[in-house]
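Thank you for making the time this morning. I would like to walk through one model with you, going from a sheet to the helices around it and then to the way the chains meet.

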Protein chains: 2
Amino acid sequence: MPPHTVKIGLVQMAMGHGKAANVAKARRAIAEAAGRGAQIVCLPELFASPYFCQVEDPALFELAEPVPGPTTEAVAEEAKRHGVVVVTPVFEQRAAGVYHNSLVVLGPGGETLGMYRKMHIPDDPLYYEKYYFTPGDLGFVTVPTPHAALGPLICWDQWYPEAARLTALGGAQILCYPTAIGWHPKEKAEFGAAQLAAWQTIQRSHAIANGVFVAAVNRVGHEGPAGGGLDFWGHSFVADPFGVVLAEAGEGEETLVVSVDLAQQETVRRNWPFLRDRRIDAYSGITARFGAAG
Amino acid sequence: MPPHTVKIGLVQMAMGHGKAANVAKARRAIAEAAGRGAQIVCLPELFASPYFCQVEDPALFELAEPVPGPTTEAVAEEAKRHGVVVVTPVFEQRAAGVYHNSLVVLGPGGETLGMYRKMHIPDDPLYYEKYYFTPGDLGFVTVPTPHAALGPLICWDQWYPEAARLTALGGAQILCYPTAIGWHPKEKAEFGAAQLAAWQTIQRSHAIANGVFVAAVNRVGHEGPAGGGLDFWGHSFVADPFGVVLAEAGEGEETLVVSVDLAQQETVRRNWPFLRDRRIDAYSGITARFGAAG
């Protein structure tokens, strides 16, 4: 198979309190990534604001906006300026009292190519997302772009093999996970390394199980009170369809630009034909909450 | 939660051509593991013979036997002598022309506690299993034992998140994968490290996604013609419910005895409550062969 190279840009950034400043920073990073040859640029989850889900405060719903809205329009302008695809997370207000943790895939003309609403919503100390976000109702989607079929998912989704599988079955070549994950400072010494390793392992496993590329884009920086809050751990990375990490960021602000050869998907799946042997006659128990499958 | 410690023995062995000698070697290893405190002992896939699936030869069906049969009876005797549970793979003849790649879980009194027939059957160069094995029809099973609820799976199953998920939903605390996986000698230099890493990564991911222990038990040694054949890579291991490798064997014969604390399952699942947030309303597309989910 002839190579089919695509360049992906991962914007690993720290967020401040002003939405305008965060959006401006993201636009500069898109421009930088495009300048370095990126054709598809991914921004982190809820990149326009701090990770506000550390508290439950009704005033914070003010951060939400419609889609399309100011944030997607600003990013669309930048996408069009550079002719790139941009995976653009947004805190979406869909209706009065109906909010989602969403993303829009913007095309190289600034047009909307597709949308995804986070399906799996966490709720854990300092990640109080069930308060803010209605679970997504668009299902798992694959978005055709001029460069690759993208499978967008968001953060907590990354712990669910079902999400990766269903997106890959939809034809995605690259799973893209905008993320906001970090350490509780008090846990970091004891559990930090295992948490980061688990996060990377589960996502590499989606690449392997499905024969797809995986791009994970996290934020960085400390948010919240000193000694408390969250240390967002960065480590954005791209894995190939056999789970090999092609590039990985550190724990500071950084824009990774990574070349991937989409032809590798065929090579890997031909040698490790997992999709061929799925026992679709025996998987219906996956829709059970718990309990023995028939 | 008070600790609940269970000791698992993993028999990583090389096989010769005589079935009696392989079974005798396995019995010695069971005795050794029991002597070191193991309560549950796992043998490798098809441990009673070389990995005969390197060729398609109708004469090799002679290696099969009924269940119960000589191999399970011999192992049951050893299980009873030492009062241990033994996961006992067997090339099962079920009826004329109907063969399975199976395993029996034998109890500490030598009794049969459960049975599993390999669900996912590979067919790749030197792994011609579709010729020999009818796909399993027992589904994914959890076998209660006096020490833990075991979820037995076999080799190629380990690449399927659905298999791990369905077994975990059935209540398994420990997934156990008897395995026969190795390198093609000519590929080893270029791809060997990535293949081993992928094999370990996908299984660690099952531990993480499901909050279960995972025990993988591989064979070792070269089988087949010099320069060809397969180098079975060993590296049997046990991972905890967050994917941390607790112990790992090398590439030679070795019996690992590993203590696991089953109470850790509750701790890990409480902190990383992935089962809580599954979108069972949106997973039905898992039973499709390919194509976009609804």
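**The sheet in chain A**

Let me begin with a pair of strands in what is, please keep in mind, a predicted model: strand 2 of chain A, residues 40–42, is joined by three bridges to strand 3 of chain A, residues 85–95, and the two run parallel. Within strand 2 and strand 3, you can look for Cys42(A), which stands opposite Val87(A).

Stepping back, these strands belong to an open sheet of six strands in chain A, whose order is 5-4-3-2-1-15 and whose pairing is mixed. Which strands stand at the edges? They are strand 5, residues 112–117, and strand 15, residues 254–261, and since each of them has a single partner strand, one side of each is left without a neighbour in the sheet. From one strand to the next, the twist averages 30°.

Helix 1 of chain A packs on this sheet, where it touches strand 1 (5–12), strand 2, strand 3 and strand 15 of chain A, and the direction of the helix makes about 40° with that of strand 15.

**Helix 1 and helix 2**

Staying with helix 1 of chain A, residues 19–35, we can ask how its axis lies relative to that of helix 2 of chain A, residues 70–82. The two axes come within 10 Å and cross at roughly 20°, which means that helix 1 of chain A is roughly parallel to helix 2 of chain A. The crossing of these two helices is right-handed.

As for the side of helix 1 that is involved, Lys19(A), Val23(A), Arg27(A), Ile30(A), Ala31(A) and Ala34(A) meet a set of residues in helix 2 of chain A, among them Thr71(A), Ala74(A), Glu78(A) and His82(A). Sorted by class, this contact comprises six nonpolar, two polar and five charged residues.

In chain B, the axes of helix 1 and helix 2 likewise come within 10 Å and cross at roughly 20°, and helix 1 of chain B passes helix 2 of chain B in a right-handed crossing.

**A loop residue in chain B**

While we are in chain B, I would point out Gln173(B), which is found in the loop between helix 4 (161–169) and strand 8 (174–178). Leaving aside residues up to four places away in sequence, Gln173(B) touches Ala148(B), Ala149(B), Val212(B), Phe213(B), Leu262(B) and Gln265(B). Gln173(B) is also 22 residues from Gly151(B) in sequence, with a C-alpha to C-alpha distance of 7.2 Å.

**How the two chains meet**

How is chain B related to chain A? Chain B can be laid on chain A with an RMSD of 0.0 Å by a turn of 180° and a shift of 0.0 Å along the axis, and that is the relation of a two-fold axis. The same surface serves both copies, in that 96% of the contact residues of chain B recur in chain A.

Between the chains, helix 5 of chain A and helix 5 of chain B, residues 185–210 in each, have axes that come within 8 Å and cross at roughly 115°. This crossing is left-handed. The residues that make the contact include Ala197(A), Thr201(A), Arg204(A) and Ile208(A) of helix 5 of chain A, together with Ala197(B), Thr201(B), Arg204(B) and Ile208(B) of helix 5 of chain B. By class, the residues of this contact divide into ten nonpolar, four polar and two charged.

Notes:
Residues numbered from 1 in each chain as written. Chains lettered and ligands numbered in written order. Predicted model: local features only at pLDDT ≥ 70, side-chain atom pairs only at ≥ 80, totals over all residues. Heavy atoms only, no water. Least-squares fit on C-alpha atoms with pLDDT ≥ 70 in both. Contact = heavy atoms within 4.5 Å. Axes fitted to C-alpha atoms, helices over the stretch in contact; angles between N-to-C directions. Helix = DSSP H or I, 4+ residues; strand = E, 2+ residues; numbered from the N terminus. Parallel < 35°, antiparallel > 145°, perpendicular 65-115°, else oblique. Left-handed = near helix turned anticlockwise from the far one by under 90°. Nonpolar A, V, L, I, M, F, W, Y, C, P; charged D, E, K, R; others polar. Pairing = 2+ DSSP bridges.
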